[in-house]
Amino acid sequence: EIFVRAASKCSSVVICRCSPTQKAQVVQVMIAFNPKKRVAAIGDGGNDVSMIQAAHVGLGIVGKEGKQASLAADFSLTRFDHCKSLILWHGRNAYLRSATLSQFIFHRGIISMIQAIFSSIFYFASIPIFTGWLMVGYTTYYTMLPTFSLVLDKDVTEATVLSFPELYSDLQKGRALNLKTFLFWVWQACFQGCAIVLL
């Protein structure tokens, strides 16, 4: 328990000269002791496979010991220094894009509900606000470009992220996907839907 309490205060824990079972147990204890944190395990050999599989995210490095670790991992790397780019750049983009995409899909669904608002204003008359093909086109074709544009979305350059690793700490706070941002997207969708109905 003393080891776990001390290790949980560290930003990283290095395990060497231990059996594969002991490595996996350290990862499992860290996960159990810190349920709100995510644990990543990095290994380069067959003795690291159980540790990699026990972690939330496993990073396997193709090394002199073979490819067992990279085959068992979530992400396979050829060199250890690629971890920096994977976490700081690709992880940042994946998180921000996923957060924006999920909230945009809710936004799109709420705007699609303007037909119900329109019907309730006119005593639930069966008058469509848009023709059927326009409504189907909105949820598929017309909003396809913003969805696919997320693939190219970058808030900062890769060089900036790699030069200032402190930017990663902002992502750990979960500000891109929380209740406040979700409610903002819902309010925005309701406002836009009401504007469409009234105009």
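The expected span of a helix is 1.5 Å times one less than its number of residues. Helices (H or I, at least four residues) and strands (E, at least two) are DSSP runs, numbered from the N terminus.

This is a predicted model, in which local features need pLDDT of at least 70 and side-chain atom pairs count only at pLDDT 80 or more, while totals for chains, interfaces and linings use all residues. Residues are numbered from 1 along each chain as its sequence is written, and side-chain values use heavy atoms, with hydrogens and water left out.

**Exercise 1. Helix H2**

Compare the reach of H2 with its expected span, then find its buried side.

*Solution.*
Step 1. H2 has 14 residues. From first C-alpha to last, H2 reaches 20 Å, close to the 20 Å expected at 1.5 Å a residue.

Step 2. List the buried residues (buried is under 20% relative accessible area, exposed over 50%, partly exposed in between, with a 1.4 Å probe and protein chains only). In H2 they are Lys23, Ala24, Val26, Val27 and Met30.

Step 3. Check the arc, taken from the directions from the helix axis to the C-beta atoms. These buried residues of H2 cover only 155 degrees around the axis, which puts them on the same side of H2. An α-helix has 3.6 residues a turn, so residues three or four places apart point the same way.

Step 4. Turn to the face away from the buried side. Exposed Thr21 and Ala32 are carried there.

Step 5. Find the partners, using contact in the sense of heavy atoms within 4.5 Å. The buried residues of H2 pack against helix H1 (2-8) and helix H3 (49-54).

**Exercise 2. The nonpolar cores**

Find which residues form the largest nonpolar core.

*Solution.*
Step 1. Apply the rule: a nonpolar core is a set of buried Ala, Val, Leu, Ile, Met, Phe, Trp, Tyr and Cys residues joined through side-chain atoms within 4.5 Å.

Step 2. The largest core has eight residues: Ala7, Val26, Val27, Met30, Val39, Ala41, Met51 and Ala55. Its largest share, three residues, comes from helix H2 (residues 20-33).

Step 3. Another core lies apart from it. That core has five residues, including Leu59, Leu77, Cys83 and Leu86.

Step 4. Look at Ala41. Not counting residues up to four places away in sequence, Ala41 touches Met51, Ile52, Ala55, Val57, Gly58 and Leu59.

Step 5. Recall the general tendency. In soluble globular proteins, nonpolar side chains tend to be buried together.

**Exercise 3. Salt bridges**

How many salt bridges does the structure hold? Locate some of them and judge their exposure.

*Solution.*
Step 1. A salt bridge is a side-chain nitrogen of Lys or Arg within 4 Å of a carboxyl oxygen of Asp or Glu. The structure holds five.

Step 2. Take Glu1 and Arg5, whose closest N and O atoms are 2.5 Å apart. Glu1 is exposed, at 67% relative accessibility. Arg5 is partly exposed, at 38%.

Step 3. Take Lys23 and Asp48, whose closest N and O atoms are 2.6 Å apart. This pair links distant parts of the chain, 25 residues apart: Lys23 sits in helix H2, and Asp48 in the loop between strand E1 (40-43) and H3. Lys23 is buried at 6% relative accessibility. Asp48 is buried too, with a relative accessible area of 6%.

Step 4. Take Asp170 and Arg175, which meet at 2.9 Å, N to O. Asp170 is partly exposed at 35%. Arg175 is partly exposed at 48%.

**Exercise 4. Helix H6**

Which residues of H6 are buried, and what do they pack against?

*Solution.*
Step 1. In H6 (residues 114-121), the buried residues are Ile114, Phe118 and Ser119. They lie on the same side of H6, because their arc around the axis is only 140 degrees.

Step 2. The buried residues of H6 pack against H5 and helix H11 (179-198).

Step 3. Go just past H6. There Tyr123 takes a positive phi of about 55 degrees.

**Exercise 5. Three loop residues**

Place Asp74, Asp81 and Thr143, and find their partners.

*Solution.*
Step 1. Asp74 lies in the loop between helix H4 (68-72) and E3. Asp74 is exposed, at 51% relative accessibility. Its side chain reaches the backbone nitrogen of Gly58 at 2.8 Å.

Step 2. Asp81 is in the loop between strand E3 (75-77) and helix H5 (82-111). Its side chain makes a polar contact with the side chain of Arg79 (2.9 Å). A polar contact is a pair of N or O atoms within 3.5 Å; within protein, one must be able to donate a hydrogen and the other to accept it, and residues adjacent in sequence count only if both atoms are side-chain atoms.

Step 3. Thr143 lies in the loop between helix H7 (132-142) and helix H8 (144-149). Thr143 is buried, at 7% relative accessibility. Leaving aside neighbours within four places in sequence, Thr143 contacts Phe104, Arg108, Gly137 and Tyr138.
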